Amino acid sequence: MANRRNGKRKGDTGRDSGGFIALPWSVMDCPAYAGLSHPAKALLLEFARQFVRDNNGRLLASRAYLAGRGWKSADVIQRAKDELLAAGFIFETVKGQRPNKASWYAVTWRTLDRHQGFDHGVVETFERGAYRRTAPLKNAVLCPSGGTVKASIVPSPGTGKAAAVPSPGTMRATFGALSVPFGGHHLEKPSAGVVQRYTEPLATP
């Protein structure tokens with residue numbers, strides 16, 4: 001029984017034959033991956049496809065190589081590559097030079113394989129798992145973390161009823177003469193007769 005079970009485990013008959021991409025779930029489930037554009041995610045698969053055992057550090061993203069894989073635009077390739085570098089998914093091991101020296105790259109979810117020809121300091125500065133500490137890009141945040149907020153129609157305390165009278169209450173009218181009306185002019189002072197009329201006591205019947 002044990003031998004039969006072990007024999008069944010050796011061959012995976014549930015998929016097509018041939019090699020496959022081993023891409024850890026930690027890569028595709030991290031916030032930095034969610035923030036990548038679609039071209040950047042597609043280019044990441046191109047890097048993963050190139051890894052075959054011990055060539056992590058010699059992966060290519062040149063236009064000449066990717067043209068055979070269906071990539072048409074050099075600008076799209078460059079923008080996608082810049083995203084992957086900034087997010088920590090790939091690491092440049094050799095800086096390319098014109099006319100015919102291509103850059104080399106390594107994916108950061110695997111150990112760097114050492115090869116002759118790497119640029120100086122590459123081995124010391126390579127960081128495995130750099131994508132884990134990278135914050136998501138701007139286009140990943142579609143709404144605030146707390147969800148959408150409904151706009152308030154009125155101020156938070158609510159609507160307030162306008163006061164019919166000043167807050168201290170009603171004011172008693174004053175009939176005494178003013179030397180200058182409020183906001184008026186000194187030539188608009190009431191005559192002496194008007195002042196006398198308002199100041200005399202009312203006659204009793």
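**Exercise 1. Find what covers the buried residues of α4.**

Step 1. The cover of the buried residues of α4 includes α2 (25–28), α3, α5, α6, β1 (90–94) and β2 (104–107). Contact means heavy atoms within 4.5 Å. Helices (H or I, at least four residues) and strands (E, at least two) are DSSP runs, numbered from the N terminus.

Before going on, note the ground rules. This is a predicted model, where local features need pLDDT of at least 70, side-chain atom pairs count only at pLDDT 80 or more, and totals for chains, interfaces and linings use all residues. Residues are numbered from 1 along each chain as its sequence is written, and side-chain values use heavy atoms, with hydrogens and water left out.

Step 2. List the buried residues of α4: Ala40, Lys41, Leu43, Leu44, Glu46, Phe47, Ala48 and Gln50. Buried means under 20% relative accessible area, exposed over 50%, partly exposed in between (1.4 Å probe, protein chains only).

Step 3. Recall the helix rule. An α-helix has 3.6 residues a turn, so residues three or four places apart point the same way.

**Exercise 2. Check the span of α4.**

Step 1. Count the residues: α4 has 13.

Step 2. Get the expected span, which is 1.5 Å times one less than the number of residues. For α4 that is 18 Å.

Step 3. Compare. From first C-alpha to last, α4 reaches 19 Å, close to the expected value.

**Exercise 3. Place Leu36. Is Leu36 buried or exposed?**

Step 1. Locate Leu36: this residue sits in the loop between α3 (31–34) and α4 (38–50).

Step 2. Leu36 counts as buried because its relative accessibility is 5%.

Step 3. Look for a partner. Leu84 is 48 residues from Leu36 in sequence, yet their C-alphas are 7.8 Å apart.

**Exercise 4. Describe the largest pocket.**

Step 1. Fix the term. On a 1 Å grid over the protein atoms alone, a pocket is an open set of points where a 1.4 Å probe fits, with protein on both sides within 12 Å along at least five of seven lines; lining residues have an atom within 4 Å of a point.

Step 2. Count the lining: 18 residues, with Ala61, Ser62, Arg63, Lys81 and Ala102 nearest the centre. The elements giving two or more residues are α5 (63–67) and α6 (74–87).

Step 3. Which element gives the largest share? That is α6, with four residues.

**Exercise 5. Sum up the fold.**

Step 1. Count the elements: eight helices and two strands.

Step 2. Read their order along the sequence: α-α-α-α-α-α-β-β-α-α.

Step 3. Add the burial: 26% of the 205 residues count as buried.
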